[in-house]
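This report describes a single structure by region and by contact. The sequence and model come first, followed by the notes.

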Amino acid sequence: MYLDFSEEQKAFRDAFHAWIQANLPDELKPEKLNALSHDDQFQLQLKWEQILAQGGWMGVSWPKEYGGMGKSIFEQVIYYEELAKCGAPAMANSLGHGIVGPTLMVYGTPEQRERFLPGILQGKEVWCQGYSEPNAGSDLASLNTRGVVDGDVLRITGQKVWTSYAHLSNWMFALVRTDSSAEKHKGITFVLIDMSSPGITVRPLRQITDESHFNEVFFEDVVVPVENVVGGIGNGWKMAMAAAAFERGVYFVRHQVELAQEAQMLLDVMDKHLDDPGRYLHVKEEILDNVEAMRWISYKNLSKVAAGEAPGSESSVTKLIWSETHQRIYETALEILGPEMVLGPHEKMTQDKGFWQKQFLYTRAETILAATSEIHRNLISERILGLPRG
């Protein structure tokens, strides 16, 4: 089964497209945003979410009872595609919309839904993810941050790392170990933490792009009400897997559209700067093939979700294609454009306000984040190809 859209869904696309064209401020368009730091971009992205909320265009696939539009995953796909095609910024609070909200709708208490869902939809409360630790990255089950049950509160002590936008977030959804005697994947609890709580220290990490939107987060006897636990004490791994499934559902829809747009940017560079286009013909064909492959694999996976099936391990194929093709696009662009393109935004001779250099450097992380390429290759070999574990 592949995605196809009804006349009603096509009308939804036309209406949303027209609304974006009429309401997207100039300051939020790519040519303006690309010149800003990630922190400044983040604030404008959050402003865009609030504009969408005021226009009634948030929570597309959320049930109406929770303040959403009550549409299907098909409209959700159309929504992300149109945002990308119109050059609208990505969501600042994507973790809130794509993970926290759906998880609370299924596993949260009525009180948790009432407390947190409106703030997510209205763009008033931003979420970060407290999973990775210094000794628990790809092997997440090795986490050591402790959550000690003390009456009606948890006392949390430990450290998280690589926490994107923790310094700008209001809340964190985190995994903490509440039973050190249990098996590795057990004794873990999924909890919602107010980032203004006493005992939390956020320390920025300087990145290769000369920015600091990654952070270390330290917890020193941070008190969190037990009522902020989702799914019950000790059920955190189950919650984390459910959250990952929600994330995979539509995560790469926007990415596949943006990848196609960036591939076209590279083709424009080739046409403008190459005397012998045939020199890079094999690279051009490889990138375009990967863009098309990602599109159809994403659609196939989403069709499974629409049919009520789990997203499946095909999402590993999509992530692998996206991250490695994204790197190849900017590697090739810098190779063609020459030495001036590796200059940063503060250099006098820099071109395009350092856009190409910044994007090239940022893509270095993409084969590491959301599990490394090696992890995804293992998942593909074992779960799709049926090969034995090494």
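## Salt bridge between two helices

In this predicted model, Arg328 and Glu286 form a salt bridge whose closest N and O atoms are 2.8 Å apart. Arg328 belongs to helix H9 (residues 314–337) and Glu286 to helix H8 (residues 281–306), so the pair ties together parts that are 42 residues apart in sequence.

Neither side of the pair is fully covered or fully open by the cut-offs of under 20% for buried and over 50% for exposed. Arg328 has 25% relative accessibility and so counts as partly exposed. Glu286, with a relative accessible area of 32%, is partly exposed.

## Other salt bridges

The structure has 19 salt bridges. One of them joins Arg203 to Glu216, with the closest N and O atoms 3.9 Å apart. Because Arg203 sits in strand S6 (residues 200–205) and Glu216 in strand S7 (residues 214–225), this pair ties together parts that are 13 residues apart in sequence. Arg203 is partly exposed at a relative accessible area of 45%, whereas Glu216 is buried at 16%.

Arg155 and Asp150 form a salt bridge with their closest N and O atoms 2.8 Å apart. Arg155 is partly exposed at 30% relative accessibility, and Asp150 is partly exposed with a relative accessible area of 38%. A network of salt bridges links Arg13, Glu81, Glu82 and Lys85.

## Overall dimensions

The chain contains 11 helices and eight strands. Along the principal axes, its C-alpha atoms fill a box of roughly 70 × 50 × 45 Å. A compact globule of 390 residues would have a radius of gyration near 21 Å, and the 22 Å of this chain agrees with that.

Of the 390 residues in the chain, 50% are buried.

## Buried elements

Which residues of helix H10 are buried? They are Phe355, Trp356, Gln357, Lys358, Gln359, Leu361 and Thr363. These are seven of the nine residues of H10 (residues 355–363), so the helix is largely enclosed by the rest of the structure.

Leu28 is in the loop between helix H1 (7–23) and helix H2 (30–33). Although placed in a loop, Leu28 is buried, with a relative accessible area of 0%. Leu28 and Leu44 are separated by 16 residues in sequence, and their C-alpha atoms are 6.7 Å apart in space. Thr189, in strand S5 (residues 188–194), is likewise buried at a relative accessible area of 0%. The C-alpha atoms of Thr189 and Pro388 are separated by 32 Å, with their positions 199 residues apart along the chain.

## Surface patches

Where does negative charge gather on the surface? A patch of negative charge is made by Glu111, Glu114, Asp152 and Glu227. Glu111 is placed in helix H6 (residues 110–121). With 56% relative accessibility, Glu111 counts as exposed, since the cut-off for that class is over 50%.

A nonpolar patch on the surface is formed by Ile384, Leu385 and Leu387, which together have about 280 Å² of accessible area. Ile384 lies in helix H11 (residues 373–384) and is partly exposed, with a relative accessible area of 39%.

## Positive phi angles

Two aspartates have a positive phi, in each case in a residue other than glycine. For Asp210 the angle is near 70°. Asp210 lies in the loop between S6 and S7, and its relative accessible area of 48% makes it partly exposed.

For Asp221 phi is near 50°. Asp221 is found in strand S7, the strand that also holds Glu216 of the salt bridge with Arg203. Asp221 is partly exposed, at a relative accessible area of 43%.

Conventions:
Residues are numbered from 1 along each chain as its sequence is written. This is a predicted model: local features need pLDDT of at least 70, side-chain atom pairs count only at pLDDT 80 or more; totals for chains, interfaces and linings use all residues. Side-chain values use heavy atoms; hydrogens and water are left out. Patches are made of residues with over 30% relative accessible area and no salt bridge: like charges are joined within 9 Å, nonpolar side chains (Val, Leu, Ile, Met, Phe, Trp, Tyr) within 5 Å. Accessible areas come from the Shrake-Rupley method with a 1.4 Å probe; for residues, only the protein chains shown count as cover. A salt bridge is a side-chain nitrogen of Lys or Arg within 4 Å of a carboxyl oxygen of Asp or Glu. Lys and Arg count as positive and Asp and Glu as negative; His and the chain ends are not counted. The place of a charge is taken as NZ of Lys, CZ of Arg, CG of Asp or CD of Glu. Helices (H or I, at least four residues) and strands (E, at least two) are DSSP runs, numbered from the N terminus. Buried means under 20% relative accessible area, exposed over 50%, partly exposed in between (1.4 Å probe, protein chains only). The radius of gyration is taken over C-alpha atoms; the globule rule is 2.2 Å times the number of residues to the power 0.38.
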